[in-house]
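Reader: I have a chain open on my screen and would like to go through it with you before I get back to the bench. Could you take me through it a piece at a time?

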Amino acid sequence: MVSREQKRGVLHEKLQILRSVAHSHAEDDMSIISDASSYIKELKQKITKLNQEIASGQHAKVCQPLVRVEVLENGFLINVFMDKCIPGLLASILEAFDEIGLSVLEARATCTGSFRLQAVGEFVCRKKVMISSMHMQWSKQLFKQSRTVLQTS
């Protein structure tokens with residue numbers, strides 16, 4: 001039979017999980033539940049906003065970054081442009097670079113209304129990669145990452 005203390009322990013663990021998911025800094029149970037409720041309302045508003053953007057066709061325009069890759073003597077010059085600046089986009093792009101094995105040597109980014117990134121990089125992987133397949137793979141990865149950022153912002 002489960003004791004009262006064990007039930008309390010399980011409830012406390014579940015509240016701590018709820019606290020972390022809802023990004024709450026509250027200590028008492030009622031505040032954690034209140035923060036989680038507010039977080040759910042915020043997520044519902046984001047979903048409504050994204051659905052409205054999708055319905056109006058704005059979402060499709062925002063999700064498609066313009067990516068240009070040029071071969072340099074010692075690596076690649078990568079230019080990325082998007083009409084809209086989205087929080088977390090730069091981090092997502094850098095993660096995409098990392099996932100395909102691209103080491104960024106130098107980068108310049110601006111985020112005033114639109115998003116622009118110019119980066120010089122080189123591959124750090126051991127096997128040789130064809131430039132066209134790298135461009136295609138990176139473009140797909142960036143598109144996927146930008147859609148993820150849009151869905152979470």
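**Walking through the model**

Author: Let us start at Val 80, which lies in strand β2, the stretch covering residues 75-82. Please keep in mind throughout that this is a predicted model.

Reader: Is Val 80 buried or exposed?

Author: Val 80 has a relative accessible area of 3%, and since buried means under 20%, Val 80 is therefore buried.

Reader: And how far is Val 80 from Ile 93, in sequence and in space?

Author: Val 80 and Ile 93 are separated by 13 residues along the sequence, and their C-alpha atoms lie 9.2 Å apart in space.

Reader: Let me step back to the whole chain, then. How many helices and strands does the protein chain have?

Author: There are 5 helices and 4 strands in the protein chain, and, read from the N terminus on, the elements come in the order α-α-α-β-β-α-β-β-α.

Reader: What share of the residues is buried?

Author: Of the 153 residues in the protein chain, 29% are buried. As for contacts between residues at least 6 apart in sequence, 53% of them join residues at least 24 apart.

Reader: Now the helices at the start. How do α1 and α2 pack, in angle and distance?

Author: Helix α1, residues 4-21, packs with helix α2, residues 29-56, at an angle of about 40 degrees, and their axes are 9 Å apart. The two helices are therefore oblique to each other, and α1 passes α2 in a left-handed crossing.

Reader: Which residues meet there?

Author: From α1, the residues are Leu 15, Gln 16, Leu 18, Arg 19 and Val 21, and they meet Asp 29, Ile 32, Ile 33, Ala 36 and Tyr 39 of α2. Sorted by class, this contact of α1 with α2 has 7 nonpolar residues, 1 polar residue and 2 charged residues.

Reader: What about the loop between α1 and α2, and what is the phi of His 23, which sits there?

Author: His 23, placed in the loop between α1 and α2, has a phi near 55 degrees, which is a positive value in a residue other than glycine. His 23 is also exposed, with a relative accessible area of 56%.

Reader: Changing topic to charges: how many salt bridges turn up in the whole structure?

Author: A search of the whole structure finds 3 salt bridges. One of them joins Glu 27 to Arg 19, with the closest N and O atoms 3.3 Å apart. Arg 19 is also among the α1 residues that meet α2, while Glu 27 is exposed, at a relative accessible area of 62%.

Reader: How far apart are the closest N and O atoms of Lys 46 and Glu 42?

Author: In the salt bridge between Lys 46 and Glu 42, the closest N and O atoms are 3.8 Å apart. These two residues are 4 apart in helix α2, so about one helical turn separates them. Lys 46 is partly exposed, with a relative accessible area of 27%, and Glu 42 is partly exposed as well, with 38%.

Reader: And which side chains meet in a salt bridge at 3.2 Å, N to O?

Author: Those are the side chains of Arg 68 and Glu 70. Arg 68 counts as partly exposed at 46% relative accessibility, and Glu 70 counts as partly exposed at 32%.

How values were computed
Residues are numbered from 1 along each chain as its sequence is written. This is a predicted model: local features need pLDDT of at least 70, side-chain atom pairs count only at pLDDT 80 or more; totals for chains, interfaces and linings use all residues. Side-chain values use heavy atoms; hydrogens and water are left out. Axes are lines fitted to C-alpha atoms, for helices over the stretch in contact, and angles run from 0 to 180 degrees between N-to-C directions. Angles under 35 degrees count as roughly parallel, over 145 as roughly antiparallel, 65 to 115 as roughly perpendicular and the rest as oblique. A crossing is left-handed if the near helix is turned anticlockwise from the far one by less than a right angle, and right-handed if clockwise. Contact means heavy atoms within 4.5 Å. Ala, Val, Leu, Ile, Met, Phe, Trp, Tyr, Cys and Pro count as nonpolar, Asp, Glu, Lys and Arg as charged, and the others, Gly among them, as polar. A salt bridge is a side-chain nitrogen of Lys or Arg within 4 Å of a carboxyl oxygen of Asp or Glu. Buried means under 20% relative accessible area, exposed over 50%, partly exposed in between (1.4 Å probe, protein chains only).
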